[in-house]
Structures are given as C-alpha cells and as structure tokens.
Amino acid sequence: MALTDLFTSFQAADYCGVSYMTVKRWILADKLNAHRTPGGHYRILKRDLQLFMLKNSIPIPEDDEIISKKVLIIDDDKLLRNILEKYLKKQRFEVITAEDGYNACIKLNKYSPDIIILDLIMPKMNGFRICELIKNNPDTKDIKLIILTGYANEENIEKAYKYGVDYVLSKPVKVEDLLEKIYSLI
C-alpha cells in the first residue's frame, strides 16, 4: 500500500469536497470505514473512500485513478447481461460477462473477479456447479457470489447457501437492490 492510498480526515474532506466535520460525522456514524491511530486520529483507505463516494453519488475527481472492483456477470439472457453491464460500468465497476458456465470458467481464470453475479439455470453448466468449482478452489474460494435467478424457490435458495453463495436475489431485480448487495460485500 502506497502512502497515497491512505487519507487523513482532512485529506478525505478535501478529496470529497466537503468539510472535515462532515467526514468525521460519516466515520462516527459508521458510514465511512476508517482506522484510528494510537493518537486518536483517523486514517481512511483510498478504496474505502472511493467506494463510499460511489455508493453515495459523490463525484470522484476526474484526474484520479479509481480503484475499481471486477464483476463477472454469468447469465444466458443477453439482454439482462447488457443491462447489468451498462449499469455497473456507470457505477465504475470493471465488468466482464459470460453467457454460460463454460465461458465463465475461462473468464474467471483470466480476469480474477472480486464478485460474481450468476444465474442458476444455464446451458453447458448450471450455477450450482459453477459455485462448487469456485468454492472448492483455493485460488477462487474468496470470490463473493450473488445468485440472480428466476427460480428462487426455497430448495434452490437453501442449496445455494450450502454452496457458499453470499446472496440470492429473484428476477426481476431492481438494479439498486443488486448494487446495495454488491456494496455490502465489498
């Protein structure tokens, strides 16, 4: 971690274009993740500040590099993939898509996503099998998984959580609800 990846409360306030007291209120209200030094001062990781800013629609300075998270969307529904990709890119995520489980496995190894959003029922390999492969591999077991399915019955939900899924959402989903789940995982 470089020194430029760590902000004081004053630097964070300047970066966000708000007052120091506003940043302090965010920290004390547990809205902004910060670490306290032995001297009682706060330090904020740049990625935590940027995620907070994105979540709260605070513009990030255009000349600054964004520490983005990679999201892999796996769904055989092309329209849904395109809608989610467009929306998440607008939220400044790096987005990769796959139309089936086979292509997902190839892209998983190539791009190392932080979060995967996947359907359960797909050609070539279903979502449960993908979850199993991800969670049984030491290199990918920590990737966060969100199931987005039209088959969110009790049996599938229970099975998904047994495979290590973090959230199960039903289709159709509000993109705001999906974004909220993504932010809670990162």
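**A walk through the predicted model**

Let me begin with two residues you can find early in the sequence: phenylalanine 7 is buried, and tyrosine 15 is buried as well. Please keep in mind throughout that what we are looking at is a predicted model. These two residues form an aromatic pair with 5.0 Å from centre to centre and 50 degrees between the planes, and a pair with that geometry is called tilted. The structure holds five aromatic pairs, and I would like to show you one other.

That other pair is made by tryptophan 26 and phenylalanine 52, whose ring centres are 4.6 Å apart and whose planes stand at 50 degrees, so this pair is tilted. What does the pair tie together? Tryptophan 26 belongs to helix 2, residues 20-28, while phenylalanine 52 belongs to helix 3, so the pair links parts that are 26 residues apart in sequence. Are the two residues buried or exposed? Buried means under 20% relative accessible area; tryptophan 26, at 15% relative accessibility, therefore counts as buried, and phenylalanine 52, at 8%, counts as buried too.

Both of these residues appear again when we turn to the largest pocket, because its lining includes Trp26 and Phe52, along with Lys31, Leu32, Asn33, Asp48, Leu51, Lys55, Asn56, Tyr183 and Ile186. The space in this pocket comes to about 270 Å³. Which element gives the largest share of the lining? That is helix 3, residues 46-55, which contributes four residues. If we sort the lining by class, we find six nonpolar, two polar and three charged residues.

Tyr183, which we have just met in the pocket lining, takes us on to helix 8, residues 175-185, where the buried residues are Val175, Leu178, Leu179, Ile182, Tyr183 and Leu185. Why do they line one face of the helix? Looking down the axis of helix 8, we see these buried residues fall within an arc of 160 degrees, so they share one face. As general background, an α-helix has 3.6 residues a turn, so residues three or four places apart point the same way. As for what covers the buried residues of helix 8, the list includes helix 3, helix 4 (78-90), strand 6 (115-118), strand 7 (144-149) and strand 8 (167-170).

Now let us take two single residues, starting with asparagine 156, which lies in helix 7, residues 154-162. At 14% relative accessibility, asparagine 156 counts as buried, and once we leave aside its neighbours within four places in sequence, it is in contact with Leu120, Phe128 and Tyr151. Arginine 92, by contrast, is partly exposed, at 32% relative accessibility, and you will find arginine 92 in the loop between helix 4 and strand 5 (94-98). If you trace from arginine 92 to leucine 148, which is 56 residues away along the chain, the C-alpha atoms are separated by 21 Å.

Finally, let us step back to the whole chain, which has eight helices and eight strands. Its C-alpha trace spans about 55 × 30 × 30 Å along the principal axes, and of its 186 residues, 42% count as buried. Among contacts in the chain with a separation of 6 or more, 54% are between residues 24 or more positions apart.

Methods
Residues numbered from 1 in each chain as written. Predicted model: local features only at pLDDT ≥ 70, side-chain atom pairs only at ≥ 80, totals over all residues. Heavy atoms only, no water. 1 Å grid on protein atoms, 1.4 Å probe; cavity = no way out; pocket = protein on both sides within 12 Å on 5 of 7 lines; lining within 4 Å. Points joined across faces, edges and corners; volume = space filled by probe spheres on them. Nonpolar A, V, L, I, M, F, W, Y, C, P; charged D, E, K, R; others polar. Buried < 20%, exposed > 50% of the residue type's maximum accessible area, 1.4 Å probe, protein only. Arc of directions from axis to C-beta. Contact = heavy atoms within 4.5 Å. Phe/Tyr/Trp six-rings, centres within 6.5 Å; stacked < 30°, edge-to-face > 60°.
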